[in-house]
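Dear colleague,

Please find the structure below, handed over for your records. My findings follow it.

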Number of protein chains: 2
Amino acid sequence: MRIHGMDAIFKPRSVTVIGASSDPKRIGGRPVDFLKRHGFAGPIMPINPKSAEVQGLPAYPSLAELPSVPDLAVIALPAPMAVKAVEDCAARGVRGAVIFSSGFSEVGAEGAALQARMVDIAREGGMRLVGPNCLGIANVRHNLYATFTPGVETHLPRPGGVSIVSQSGAFGSYCMTLVRMRGLGVNIWATTGNSCDVDFADAVAYCAQDDDTRVIMGYLEGATDRDRLLEALELARARSKPVIMMKVGRSAVGAEAAQSHTASLAGADAIYDAAFRQYGVYRARSVDEMFDVTYACSESSSLMKGDRLGLVTVSGGVGVLMADEAEDCGLDVPALPDHAQKKLKEVLPFAGVRNPVDVTAQLVNQIDLLETNMDVLFGDGDIDAAIIFMSTVGLAADLNEAIRAILEKTRVKFPGKPLLFCSLTEPEGRAAYERAGFIVFEEPTRAVRAMAGMRYFARSFARANEADPVPDLPHLSPLPEGMVNEIEAKALLAEAGIGIVRETLAATPEAAAAAADAMGYPVVVKIASPDILHKSDIGGVALNLRSAEEVRAAGARILKAASEKMPEARLEGLVVAEQAAPGLEAILGVTRDAVFGPVVMFGLGGVLVEALGDVSFRVAPFGPAEARRMIEEIRGRKLLGAFRGAPERDVDALADALARLSAFAAHHGTALETIDVNPLIVGARGQGAVAADAVIIPARRAVP
Amino acid sequence: MRIHGMDAIFKPRSVTVIGASSDPKRIGGRPVDFLKRHGFAGPIMPINPKSAEVQGLPAYPSLAELPSVPDLAVIALPAPMAVKAVEDCAARGVRGAVIFSSGFSEVGAEGAALQARMVDIAREGGMRLVGPNCLGIANVRHNLYATFTPGVETHLPRPGGVSIVSQSGAFGSYCMTLVRMRGLGVNIWATTGNSCDVDFADAVAYCAQDDDTRVIMGYLEGATDRDRLLEALELARARSKPVIMMKVGRSAVGAEAAQSHTASLAGADAIYDAAFRQYGVYRARSVDEMFDVTYACSESSSLMKGDRLGLVTVSGGVGVLMADEAEDCGLDVPALPDHAQKKLKEVLPFAGVRNPVDVTAQLVNQIDLLETNMDVLFGDGDIDAAIIFMSTVGLAADLNEAIRAILEKTRVKFPGKPLLFCSLTEPEGRAAYERAGFIVFEEPTRAVRAMAGMRYFARSFARANEADPVPDLPHLSPLPEGMVNEIEAKALLAEAGIGIVRETLAATPEAAAAAADAMGYPVVVKIASPDILHKSDIGGVALNLRSAEEVRAAGARILKAASEKMPEARLEGLVVAEQAAPGLEAILGVTRDAVFGPVVMFGLGGVLVEALGDVSFRVAPFGPAEARRMIEEIRGRKLLGAFRGAPERDVDALADALARLSAFAAHHGTALETIDVNPLIVGARGQGAVAADAVIIPARRAVP
């Protein structure tokens with residue numbers, strides 16, 4: 001990961017502002033103003049050829065005249081001059097620069113060339129660059145505001161554990177303000193603009209390795225380098241730092257709008273979605289959700305270690321509402337054991353005691369009820385975390401305080417179990433909870449969703465230590481040049497250890513009959529041609545043939561049909577294959593995503609894939625445990641269990657085939673265009689899965 | 001609708017409080033305190049046998065001694081005494097009572113009997129009752145607070161257009177406080193408790209007919225009387241009053257939790273969902289959503305009259321985020337026409353001009369850009385409503401004001417097009433927008449969802465005037481007693497005008513062959529028996545028979561199989577039916593819901609229904625236009641269009657069959673248990689749809 005040298009940018013001991021302005025409202029004036037007023041501890045050295053003083057600080061006419069070599073240069077100059085400034089910086093030994101200037105790759109080829117030249121200069125000089133065309137960066141703990149965003153002009157966030165990385169300056173500024181207004185503490189803030197050197201992935205990786213970061217918020221429009229992005233996300237996961245991502249453009253209309261908005265080469269949105277799930281990134285669908293999950297993860301002393309959620313309310317209805325939301329979010333709200341319910345009934349006969357536990361308005365008269373409830377919930381109920389919904393009770397200062405005292409006791413008695421307080425409160429009442437380290441929400445479903453976010457990361461971090469090796473495929477042949485016929489395709493997949501039906505190529509109907517005799521009946525006969533993809537459409541397939549005679553007749557019919565209907569097609573003869581035992585038909589595919597490279601798709605056959613698009617994706621390669629999660633994602637997964645008289649399916653074999661296909665695809669990398677295994681016939685448990693048909697299309701060799 | 005006499009409760013000219021307490025914190029003291037302090041204009045007459053004065057008001061020892069007959073009695077007495085009080089009220093000519101007392105139907109059979117007696121007394125005396133076991137009611141405009149909720153102790157909502165009806169006192173109080181905190185104005189507030197007389201439906205109907213209600217918020221746990229509920233919802237729709245409903249218990253775990261929470265006989269949640277859609281009720285899934293949609297609908301001067309949404313932002317990313325959300329909510333974010341985009345490019349070359357329109361941060365320097373944008377959006381773009389997302393810009397008082405001035409101009413130029421302002425704002429900045437009649441959100445996706453709520457109601461209100469008659473079925477036979485065989489079932493459906501395959505009953509294989517000869521080939525032969533539901537499971541079906549000989553052989557085989565495998569079954573012979581032309585298989589069903597009575601289900605065959613449960617419901621009866629919306633709701637609807645070589649299906653015929661089935665089900669009402677039409681074979685457009693098999697199970701006659 002290319003995070004070397006980034007300390008010069010995010011933790012500089014001294015800063016120069018090139019193009020510094022005396023007007024604290026101008027782009028070149030704002031960083032001087034912010035650094036000075038917000039208390040940056042090291043030297044601030046404005047460069048301005050026309051003035052010996054800028055905003056009360058001694059200014060210098062050029063880099064050469066600076067009294068010492070600054071770690072970081074903030075460059076607020078027109079594009080061509082910015083390149084010259086980088087050159088000067090490199091020469092003087094400056095190690096990092098943040099470049100606000102626009103007029104680079106975002107304006108076309110000429111700007112892109114200018115930008116490339118600037119990067120070359122920096123790399124040669126061992127410098128790291130942020131931008132150009134960005135709003136800059138900040139490190140709140142270091143009082144470093146190398147930015148011109150108005151978002152830090154009058155109010156600053158407090159130092160804390162949230163780091164923010166945004167490709168968009170506008171969104172980054174919006175986040176900075178919201179984070180502050182929500183009372184969250186910030187560590188690093190970075191807008192990457194044109195990302196000429198330090199890009200989104202680098203900045204995420206830098207935050208992930210920084211000990212002061214607890215949680216990373218990301219805003220991503222499109223990545224360009226799959227490996228660096230995934231490496232950064234892996235690093236964050238390995239260091240148990242939740243990454244909460246906003247990636248817009250998931251809908252058709254959104255994707256179209258995004259295209260008009262950004263020139264980034266964005267991969268298909270469904271693939272981002274899959275990659276995020278694969279790498280444990282939480283994808284937020286709204287600004288509220290992004291901040292709610294960030295808030296919970298950054299302020300909670302522990303994540304939610306199991307799925308069992310306890311709900312305690314003063315309103316049975318809201319309890320049920322939260323239970324509804326919990327199910328949507330994949331959390332359990334288990335009924336408490338009988339003895340626990342009995343205990344609760346004893347203290348309050350008309351309470352709801354199942355879970356949600358409804359203490360009713362009686363709580364107001366008998367506040368100790370809450371303590372009993374919490375004790376029973378955690379002590380007898382084997383619950384992993386709880387949400388306490390107090391409706392309007394939190395508005396009464398005395399009650400609010402009494403409840404907090406009880407929850408503090410609960411926390412001591414049952415450590416490691418997140419407690420989330422949900423109530424309307426006055427600002428001071430809320431602040432008291434937050435000072436005591438509690439997480440507070442006003443809206444009950446948002447509280448549940450935030451809790452689910454904490455569960456999401458606990459699951460993801462556990463997976464970081466999971467042994468799920470990508471299958472090792474030592475005996476792969478190279479992909480042939482040009483077209484691959486069906487028999488070759490299956491032979492290649494067989495080398496990867498994927499089950500295939502036995503089959504053989506026969507030149508004539510007579511030879512097909514002999515082959516079938518040798519194989520045993522029933523058999524399938526299909527046209528063999530690299531040019532015919534949809535064989536059944538032209539009458540090129542005969543199923544369930546039970547004698548040599550039937551094979552001969554079918555073979556002749558098929559060859560005739562093929563030569564009549566596709567006279568241009570190269571015919572290689574007939575494929576004779578064993579008729580696979582009946583099973584559930586799955587579709588496995590590999591496509592090449594513009595960003596993520598080879599990507600594996602899974603779906604169950606027929607209408608699920610065709611009419612509903614009920615498929616899931618993963619970035620290749622991955623192991624069988626990941627494949628199982630991929631299988632679990634489709635809506636039709638019920639069909640894999642025992643269902644309406646059909647047996648439970650061999651999901652192990654299916655997961656193994658997916659993992660092997662992913663390793664195969666990753667091995668061939670850019671040499672591969674697409675693979676379609678359709679169908680893979682999944683037998684009953686223990687019976688394996690075999691590819692009954694497969695198409696492999698190698699990448700067209702690029703003309704050099 | 002039973003709203004007669006309810007003015008005595010919600011608009012009384014005088015009130016007595018029976019069981020009035022001198023302590024303004026007690027249940028019997030609070031309503032006296034509230035009525036007095038909050039300025040109820042009419043006489044307030046406390047009744048307390050032990051005191052001549054209550055909270056500074058002259059008190060009376062009994063009803064008989066009151067100086068005049070009050071319109072409304074608030075009863076805060078133990079249950080048995082409350083019944084006596086109602087009796088006294090009825091005798092004295094009081095017309096309405098609100099009863100706080102618990103100890104009635106919620107505590108068991110004895111309480112229920114007490115409650116029933118109380119209702120009898122009231123009905124006889126021409127009195128209406130709210131409660132018992134409720135938190136009471138309020139009419140904000142009339143300063144009437146016949147309640148003991150602490151929610152109105154210190155702060156009151158302003159008078160306005162939102163009426164709140166809640167079966168739960170806890171949720172009702174929570175709503176009251178939230179409505180106030182969100183600055184919404186309230187008209188009527190009603191908690192119905194045990195709903196012994198005035199129930200949820202009555203209260204909704206009362207609010208719907210009240211001119212001061214603009215929007216109704218409802219919290220429903222379970223209805224008991226379908227007709228009154230649907231009538232109330234119809235009334236609200238006819239009077240163009242949006243109804244926003246919270247009905248918890250949609251998930252499995254939530255439903256289980258709800259069951260433990262409330263003893264209401266709740267119908268299946270999916271049926272509530274369908275009924276709400278059918279009657280134009282907006283079902284909120286979170287408290288935020290409930291209040292956001294209520295806020296938008298109550299404060300906007302018009303709803304959103306078409307689907308075309310314009311988005312103007314200073315952050316391209318948030319524009320795309322909103323476009324994503326809009327698609328999820330069923331709104332269009334259409335690209336602006338070329339000439340409009342050109343105009344926008346002219347004023348700001350680097351703006352995003354497609355829609356979302358991204359004015360960029362340049363707006364801050366050039367605020368007039370917004371006016372141009374709005375003019376082009378509405379003037380050239382044929383847009384129905386717009387959301388203006390200003391990120392943090394609204395925090396700056398001067399910019400906030402300048403933007404508001406522009407939006408006021410836009411509103412004058414383009415009336416009837418809702419404008420929603422979305423920005424972080426300071427409280428005063430926000431208040432200025434709201435005073436000017438604008439709707440303000442902070443969170444962009446919530447703004448979109450609220451706008452979609454306004455669209456939802458515009459669509460629903462348009463449907464109130466839609467001619468969609470339920471099919472008239474003049475020639476229906478009564479349902480037979482006991483079992484109905486397949487031929488009878490289809491004959492009954494044919495009377496309802498539902499297409500069926502031609503078929504006939506034959507006693508022997510020989511007779512079946514003769515019948516097939518007369519009918520023409522191919523035919524299907526099936527066992528005829530009222531006791532065999534799954535005919536193919538026992539080898540009781542033969543398809544695609546092409547000659548008399550085949551029919552004879554198949555008939556003999558089927559009769560043998562049936563008598564061997566189900567020796568107890570009554571065999572009525574063989575059904576000979578024409579083999580329906582191939583088509584798409586649909587499943588139509590009727591079930592009886594505990595609350596909503598006969599309900600029609602629709603799904604497409606096979607895995608969609610079986611593994612995904614991809615079905616939709618409607619309460620019977622309904623017309624073909626409603627049936628079309630029902631068809632549109634299933635995920636597999638794509639299969640009804642031209643799809644993968646298959647032709648477009650006869651959706652008109654399918655919708656007609658659904659509407660006829662619904663009329664049939666409604667006609668037979670409680671005489672009917674279930675109907676299964678499986679499959680209904682839907683031909684290509686113009687080819688109709690025919691029931692190939694049907695099962696009708698009449699209701700078991702209850703033993704009287």
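In which helix of chain A is A:Ala655 found? The residue belongs to helix α22, which covers residues 651–668 of chain A. Please bear in mind throughout that this is a predicted model.

Is A:Ala655 buried or exposed? It has 23 other C-beta atoms within 10 Å, and because 20 or more are required for that class, A:Ala655 counts as buried. Leaving aside residues up to four places away in sequence, A:Ala655 touches A:Pro624, A:Ala627, A:Arg628 and A:Ile631. With respect to A:Gly39, the separation of A:Ala655 is 616 residues in sequence and 56 Å in space, taken from C-alpha to C-alpha.

I turn next to a helix pair in chain B. Helix α12 (residues 338–347) and helix α13 (residues 368–381) of chain B pack at an angle of about 170 degrees, and their axes are 10 Å apart. An angle over 145 degrees counts as roughly antiparallel, and α12(B) and α13(B) are therefore roughly antiparallel to each other. On the α12(B) side, the contact is made by B:His339, B:Ala340, B:Lys343, B:Leu344 and B:Val347; these meet B:Leu369, B:Thr372, B:Asn373, B:Val376, B:Asp380 and B:Gly381 of α13(B). Sorted by class, the contact of α12(B) with α13(B) comprises five nonpolar, four polar and two charged residues.

Finally, how are the two copies related? A turn of 180 degrees with a shift of 0.1 Å along the axis lays chain A on chain B with an RMSD of 0.2 Å. The copies are thus related as by a two-fold rotation axis. Both use the same surface, since 100% of the contact residues of chain A recur in chain B.

With kind regards

Note on methods. Residues are numbered from 1 along each chain as its sequence is written. Chains are lettered from A and ligands numbered from 1 in the order in which they are written. This is a predicted model: local features need pLDDT of at least 70, side-chain atom pairs count only at pLDDT 80 or more; totals for chains, interfaces and linings use all residues. Helices (H or I, at least four residues) and strands (E, at least two) are DSSP runs, numbered from the N terminus. A residue is buried if 20 or more other C-beta atoms lie within 10 Å of its own, exposed if 12 or fewer, and partly exposed in between; C-beta atoms are placed from the backbone. Two residues are in contact if their C-beta atoms, placed from the backbone, lie within 7 Å. Axes are lines fitted to C-alpha atoms, for helices over the stretch in contact, and angles run from 0 to 180 degrees between N-to-C directions. Angles under 35 degrees count as roughly parallel, over 145 as roughly antiparallel, 65 to 115 as roughly perpendicular and the rest as oblique. Ala, Val, Leu, Ile, Met, Phe, Trp, Tyr, Cys and Pro count as nonpolar, Asp, Glu, Lys and Arg as charged, and the others, Gly among them, as polar. Copies are superposed by least squares on the C-alpha atoms of residues with pLDDT of at least 70 in both.
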